[in-house]
Number of protein chains: 2
Amino acid sequence: MSAGRTARERVRAELTREITDIARRHLAVEGAAGLSLRAVAREMGMVSSAIYRYFPSRDDLLTALIIDGYNAVGEAVENADAARPREDHAGRWMAVCHAVRDWALAHPHEYALLYGSPVPGYKAPDDTVAAAVRDTVVYGRILADAHEAGALTPPDVLPPPPASFSTDALRVREVMPGLPDDLVARALAAWTGLFGWVSFELFGQFNSVILDPATAFDHTMRCHGMLLGLRSG
Amino acid sequence: MSAGRTARERVRAELTREITDIARRHLAVEGAAGLSLRAVAREMGMVSSAIYRYFPSRDDLLTALIIDGYNAVGEAVENADAARPREDHAGRWMAVCHAVRDWALAHPHEYALLYGSPVPGYKAPDDTVAAAVRDTVVYGRILADAHEAGALTPPDVLPPPPASFSTDALRVREVMPGLPDDLVARALAAWTGLFGWVSFELFGQFNSVILDPATAFDHTMRCHGMLLGLRSG
DNA sequence: GAGAAAACGAGAGCAGTGCTCTTGACGACT
DNA sequence: AGTCGTCAAGAGCACTGCTCTCGTTTTCTC
């Protein structure tokens, strides 16, 4: 990755990085709708058409920012998870929840780009999925660790999922090996609950109703963890 | 509302409605980003500047579409709720869930406009909140009905919310009178879980993983209902 | 009913956008 | 040394939101 062979490749990599850096700054300030190739070029002292040597279209630049965003939130989640002892499964879950929310609050426009409406007529998912699942992989590992340690003891108050769910559960189980179908279903509920909450809070659905979202968020995520069987110490 | 006094007011109301209708059609086809005032004017046989007599800016037109959208999903939810017997609280909850999801699948771009990223630099919430809470009011009424009937018997497996949650619970309780704080907290979890799921499904987060989202959705919402104490018959 | 006032559609125009094409210069390989 | 590919620059196209002006038409007021 670093130090391309020729000088041309080196300066090209550097300019590409500079473009994405400036674009990310513009994105953070005015959002995805206000990201302008010409403005980026202007700030770089280039003419607008020169940008197209590096990104074939505006959507490609946005895709690059999306991938960077997924990696950023994935890294934040990985770090939060790694900072907890491996056997503190409940603590790791809560750390992941707060990492997602904190990152979203710090980078609202980037979060909107990742988990909000798909802006430019449905992005190409092929390049992005690899980066998009980093946080999910961490989440799955927590559950798999807890299950392997026999620490996943969910309360027996929910109905089992229908048999037709098993084929989908098979695919989800790839990131949380060993979990039975009913726990896979609960894992989906908790995961969508996490992002549903963050989206509601960030997109203004809680406006003038929930004035202390941090408290309610923490409690809600703790409940989701309990339902997963992650009994906190 | 109907039949304004003068002929001018009548044609003005009709043209305003025609603009929003065409705009909604364009929105449904190409999304909010592709909505163009000039294209709407072109289809109406007007010149672009004439539109500004009816909507001072593109954002105002979008705001009108947002309000219409909130009313549409609110009406769908109200109808789904009304089609069930009043005492079938669990059935009403499931009907509301499916109404939200069905409407979202039928109007993906409109759903994205309402519950996705706030597009034009944060909309003015003042005009929209009145319409935005229609579905929430239905949801709250179901829970209040169930609670009043003594049918809200949630499993005792979750920790109580912290005391500092009570002031926020006070505001939420306005739409679900009588519910204690811990049930208000569960209501928030279920509500965000519903929209979190629909957003994940609609925005492509489930792509190539959950291939039968209808089944998983139904089961997940049933679980949310159980946790609320809505034991289905 | 005549005149003032407001509302209206049309048109030109400004500043901005994504994107394409061509031109001329520089760097990299044979 | 010469060829070839890459590069920045510029002009230009079609489009956008929005503003302003100019006649026309409708409404309100006297």
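These are my notebook entries on a predicted model of two protein chains with DNA, covering the DNA surfaces, the aromatic rings and the cysteines.

**Entry 1: DNA strand D**

I began with DNA strand D and looked up which residues surround it. I found 23 of them, and the closest are Arg53(A), Leu37(B), Arg38(B), Arg42(B) and Arg58(B). Of the strand D atoms that come within 4 Å of the protein, sugar and phosphate make up 51%.

Next I went through some individual contacts. Leu37(B) places a backbone N or O atom 2.7 Å from a phosphate oxygen of strand D. For Arg8(B), I again noted a backbone N or O atom, at 2.8 Å from a phosphate oxygen of this strand. Arg38(B) reaches a base: a polar atom of its side chain lies 2.3 Å from a base nitrogen of strand D.

Which helices supply at least two residues each to this surface? My list has H1 (7–30) and H3 (48–51) from chain A, and H1 (7–30), H2 (37–44) and H3 (48–51) from chain B. By class, I wrote down 9 nonpolar, 6 polar and 8 charged residues for the surface near strand D.

**Entry 2: DNA strand C**

I then turned to DNA strand C, which has 22 residues around it. Leu37(A), Arg38(A), Arg42(A), Arg58(A) and Arg53(B) come nearest. Sugar or phosphate holds 51% of the strand C atoms within 4 Å of the protein, and bases hold the rest.

Three phosphate contacts went into my notes. A backbone N or O atom of Leu37(A) is 2.7 Å from a phosphate oxygen of strand C. Arg12(B) uses a polar side-chain atom, also with a phosphate oxygen of strand C, at 2.7 Å. Val47(B) brings a backbone N or O atom to 3.2 Å from a phosphate oxygen of that strand. The elements giving two or more residues to this surface are H1, H2 (37–44) and H3 of chain A, together with H1 of chain B. The classes here are 8 nonpolar, 6 polar and 8 charged.

**Entry 3: aromatic rings**

I counted 24 aromatic pairs over all chains. Tyr111(A) and Tyr115(A) have ring centres 5.0 Å apart and planes at 35°, so I logged the pair as tilted. Why are these two about one helical turn apart? They sit 4 residues apart in helix H6 (residues 108–115) of chain A. Both tyrosines, Tyr111(A) and Tyr115(A), are buried.

In chain B I looked at Tyr70(B) and Tyr115(B). Their ring centres are 5.9 Å apart with planes at 90°, so this pair is edge-to-face. Tyr70(B) belongs to helix H4 (residues 58–82) and Tyr115(B) to helix H6 (residues 108–115), so the pair ties together parts 45 residues apart in sequence. Tyr70(B) and Tyr115(B) are buried too.

One aromatic cluster takes in residues from both chains, including Trp93(A), Tyr139(A), Phe203(A), Trp197(B) and Phe217(B). I also found Arg101(A) over the face of Phe217(A), 5.3 Å from the ring centre. In chain B, Arg101(B) lies over the face of Phe217(B), at 5.3 Å.

**Entry 4: cysteines**

How many disulfides does the structure hold? I found 0 over all chains. For Cys223(A), the nearest cysteine sulfur is that of Cys97(A), 11 Å away. Cys223(A) is buried, with a relative accessible area of 9%. For Cys97(B), the nearest is the sulfur of Cys223(B), 11 Å away. Cys97(B) has 0% relative accessibility, so I put it down as buried.

Notes:
Residues are numbered from 1 along each chain as its sequence is written. Chains are lettered from A and ligands numbered from 1 in the order in which they are written. This is a predicted model: local features need pLDDT of at least 70, side-chain atom pairs count only at pLDDT 80 or more; totals for chains, interfaces and linings use all residues. Side-chain values use heavy atoms; hydrogens and water are left out. A residue is near a molecule or strand if one of its heavy atoms lies within 4 Å of it. A polar contact is a pair of N or O atoms within 3.5 Å; within protein, one must be able to donate a hydrogen and the other to accept it, and residues adjacent in sequence count only if both atoms are side-chain atoms. Ala, Val, Leu, Ile, Met, Phe, Trp, Tyr, Cys and Pro count as nonpolar, Asp, Glu, Lys and Arg as charged, and the others, Gly among them, as polar. Rings of Phe, Tyr and Trp (its six-membered ring) pair if their centres lie within 6.5 Å; planes under 30 degrees apart count as stacked, over 60 as edge-to-face and the rest as tilted. Buried means under 20% relative accessible area, exposed over 50%, partly exposed in between (1.4 Å probe, protein chains only). A charge sits over a ring if NZ of Lys or CZ of Arg is within 6 Å of the ring centre and within 35 degrees of the ring normal. A disulfide is a pair of cysteine sulfur atoms within 2.5 Å.
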